[in-house]
Amino acid sequence: MTPEEFRRYGRQVVDWIADYQEKVESYPVLSRAEPGDVLADLPAHPPERGEGFEAVLADLDRVVMPGITHWQHPAFFAYFPSNTSGPAILGDLLSAGLGVQGMLWATSPACTELETRVLDWLAELLGLPAGFRSEGTGGGVIQDSASSAALVAILAALHRADGGTSGRDGITRRHTLYISSQTHSSLEKAARIAGIGAANVRVVDVDPATLAMDPAHLDALLTEDAAAGALPVLVCATVGTTSTTAVDPVPAIGAVCRRHGVWLHVDAAYAGVAAVCPELRWVNDGLAEYADSYSTNPHKWLLTNFDCTAMWVADRAPLTGALSILPEYLRNQATTSGEVIDYRDWQIPLGRRFRALKLWSVIRWYGAEGLREHVRTGVRLAADLAARIGADPGFELLEHHPFGLVCFRPRWDGLPADEADAATMRLMERLNASGDLYLTHTRAGGRVLLRMAVGAPATGPEHIEAAWRRVREEALAG
Ligand SMILES: *Cc1c(COP(=O)(O)O)cnc(C)c1O
């Protein structure tokens, strides 16, 4: 493709995306494709001779679009939001255009230094501890996902706990990891990958009312495990759990970690970005005093398309100690000088995309003000929704909804618990099949609840009102 052809098709692609943004609301939110539908419409064999890009765009409309669930639809309330935005898309396009592989500082100094600066900016915007900034002992890095951030934190914690022996010799003794029943599944997965083993993942009790981790039980488990000869490695506290946005008491958990000399990782994948708003900055409580590592996802609620997980450590030495490896073919003067960051030592893969470009574009386009406004809109709309639900005698509401997630269900008066759960699931399936909105469910307090996560950039009060109307109608019909 010549630059001239690229210019022509590139304009068509940008127009296509802008058209999509304008009409996203006209699609059914959840794709109606059945398993195999998309596959059946795709040729079994690749073309022998190149085709024009028109053919690709035509198939995008004909084959791909029917198999798309519209995450940017204003009535997308499933999981957590996965924001994108114009500046993010353009930043990502520039990253693809440059085609840079940023494994080492030397492979593109700007790819490294822009990331360093942008994560310092984000740390400032979120009011994160000074120790996370690059000028101190810590620093930030962009990972592909919160799952990778958890794995990287575990590897750094292992390195610190056993002085790097497991990195060299493999795991030769029992290591333990601490989560709660509400912790994201990526922690158990990371424990498996790191060789700690799922059986050594200890599940700390939660307060049944708040679903927050119980620091006293954590303390008891750590004492018990150490007495039994295990080496506790890492505790993961969550600020804004995936199920219900429960908030673990980080200061109290941190104090326990400090006493036992255990690494504290704080997973704030969804809720951490809320700290752009001073009134929500309490989500950072305990980080400055206790967190060894922290992560939050601009790719959820901060207008930056997947993938973009921001991760910070208070001390980068155990991280690079665990992950740094220098084969001859990567040896270069900048690395040997020790004056530069090589982000390959902060992540699992060697290669890395120039992700900082999209985050930089987003922060510059919106400014602190625009980012705050986006989060505040989500919080306000969620509060409005919760107020309507709370005022309706036919529904029960989970009172805790500090961010954009609201959990609720019809009361189903008179139905036994299992039938009420089944009725809630059928209600959700009917709503999702209608194409009018998309929501998901969870189980909390022994019952199935619907989850409505507000926070897509296109969502406004009219969408909340329409969604709530649909939920009520459909609940009455069921
Ligand atoms: C979404 C989520 C994750 C996983 O995020 P990925 O970036 O998709 O890996 C981890 N932890 C919490 C609390 C989450 O909500």
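**Lys 300**

I started with the UniProt record, an unreviewed entry, which lists Lys 300 under "modified residue: N6-(pyridoxal phosphate)lysine". I kept in mind that what I have open is a predicted model. I found Lys 300 in helix H12, residues 298–301. Buried or exposed? I read 17% relative accessibility for Lys 300, and the cut-off for buried is under 20%, so Lys 300 counts as buried.

Next I looked up what Lys 300 touches beyond its neighbours within four places in sequence. The contacts are Phe 80, Pro 81, Ser 82, Asn 83, Ala 269 and Tyr 270.

**The ligand**

How many residues surround the ligand? I got 14, and Lys 300 is among the closest, together with Ala 146, Ser 147, Thr 242 and Asp 267.

I then went through some polar pairs. A ligand nitrogen is 2.6 Å from an N or O atom in the Asp 267 side chain. For Asn 297, I noted a side-chain N or O atom 3.0 Å from an oxygen of the ligand. For His 299, the side chain has an N or O atom at 3.2 Å from a ligand oxygen.

**The 7-stranded sheet**

I traced the strands next. There is an open sheet of 7 strands with mixed pairing, and I wrote its order down as S1-S7-S6-S5-S4-S2-S3. Why is one side of S1 and of S3 left without a neighbour in the sheet? S1 (139–143) and S3 (201–204) stand at the edges and have a single partner strand each, so one side of each stays without a neighbour there. On average, neighbouring strands of this sheet are turned by 20° against each other, direction ignored.

I went back to Asp 267 and found Ser 295 in S6 standing opposite. S5 (residues 263–267) and S6 (residues 293–296) run parallel and are joined by 3 bridges.

Then I checked the helices on this sheet. H8 (residues 186–194) packs on the sheet and touches S2, S3, S4 and S5, with its direction at about 170° to that of S2. H6 (residues 146–162) lies across S1, S2 (175–180), S4 (231–238), S5, S6 and S7 (309–313), and runs at about 150° to S4.

**Strand S2**

I wanted to see how covered S2 is: 6 of its 6 residues are buried. As a reminder to myself, side chains in a regular strand alternate between the two faces of the sheet. In S2 I find His 175, Leu 177 and Ile 179 on one side, with Thr 176, Tyr 178 and Ser 180 on the other, and all of them are buried.

Which strands does S2 pair with? I counted S4, running parallel to S2 and joined to it by 4 bridges, and S3, also in the parallel sense, over 4 bridges. For the registers, I put down Thr 176 opposite Pro 232 in S4, and Ser 180 with Val 204 as its bridge partner in S3.

**The 4-stranded sheet**

I moved on to an open sheet of 4 strands, ordered S8-S9-S11-S10, with antiparallel pairing. S8 (395–397) and S10 (440–444) are its edge strands, each pairing on one side only. Here I noted an average turn of 40° between neighbouring strands, direction ignored.

S8 pairs with S9 (residues 405–410) over 3 bridges in the antiparallel sense. One register I looked up there is Glu 396, whose bridge partner in S9 is Arg 409. H16 (residues 417–434) lies across S9, S10 and S11 (447–453), at about 25° to S11.

**Trp 468**

Where does Trp 468 sit? I found Trp 468 in helix H17, residues 461–477. Its relative accessibility is 6%, so I put Trp 468 down as buried. Not counting residues up to four places away in sequence, Trp 468 touches Leu 385, Arg 388, Ile 389, Asp 392, Phe 395 and Phe 408. I also checked Leu 437, which is 31 residues from Trp 468 along the chain; their C-alpha atoms are separated by 9.9 Å.

**Thr 459**

My last stop was Thr 459, in the loop between S11 and H17. At 5% relative accessibility, Thr 459 counts as buried too. Which backbone oxygen does the Thr 459 side chain reach? I traced that to Pro 74, at 2.8 Å. With neighbours within four places in sequence left aside, Thr 459 is in contact with Pro 74, Phe 77, Leu 381, Val 454 and Ile 464.

Methods. Residues are numbered from 1 along each chain as its sequence is written. This is a predicted model: local features need pLDDT of at least 70, side-chain atom pairs count only at pLDDT 80 or more; totals for chains, interfaces and linings use all residues. Side-chain values use heavy atoms; hydrogens and water are left out. Two strands pair if DSSP finds at least two bridges between them. Helices (H or I, at least four residues) and strands (E, at least two) are DSSP runs, numbered from the N terminus. Axes are lines fitted to C-alpha atoms, for helices over the stretch in contact, and angles run from 0 to 180 degrees between N-to-C directions. Contact means heavy atoms within 4.5 Å. UniProt positions are given in the numbering used here, feature names are shortened, and annotations may be inferred rather than shown by experiment. Buried means under 20% relative accessible area, exposed over 50%, partly exposed in between (1.4 Å probe, protein chains only). A residue is near a molecule or strand if one of its heavy atoms lies within 4 Å of it. A polar contact is a pair of N or O atoms within 3.5 Å; within protein, one must be able to donate a hydrogen and the other to accept it, and residues adjacent in sequence count only if both atoms are side-chain atoms.
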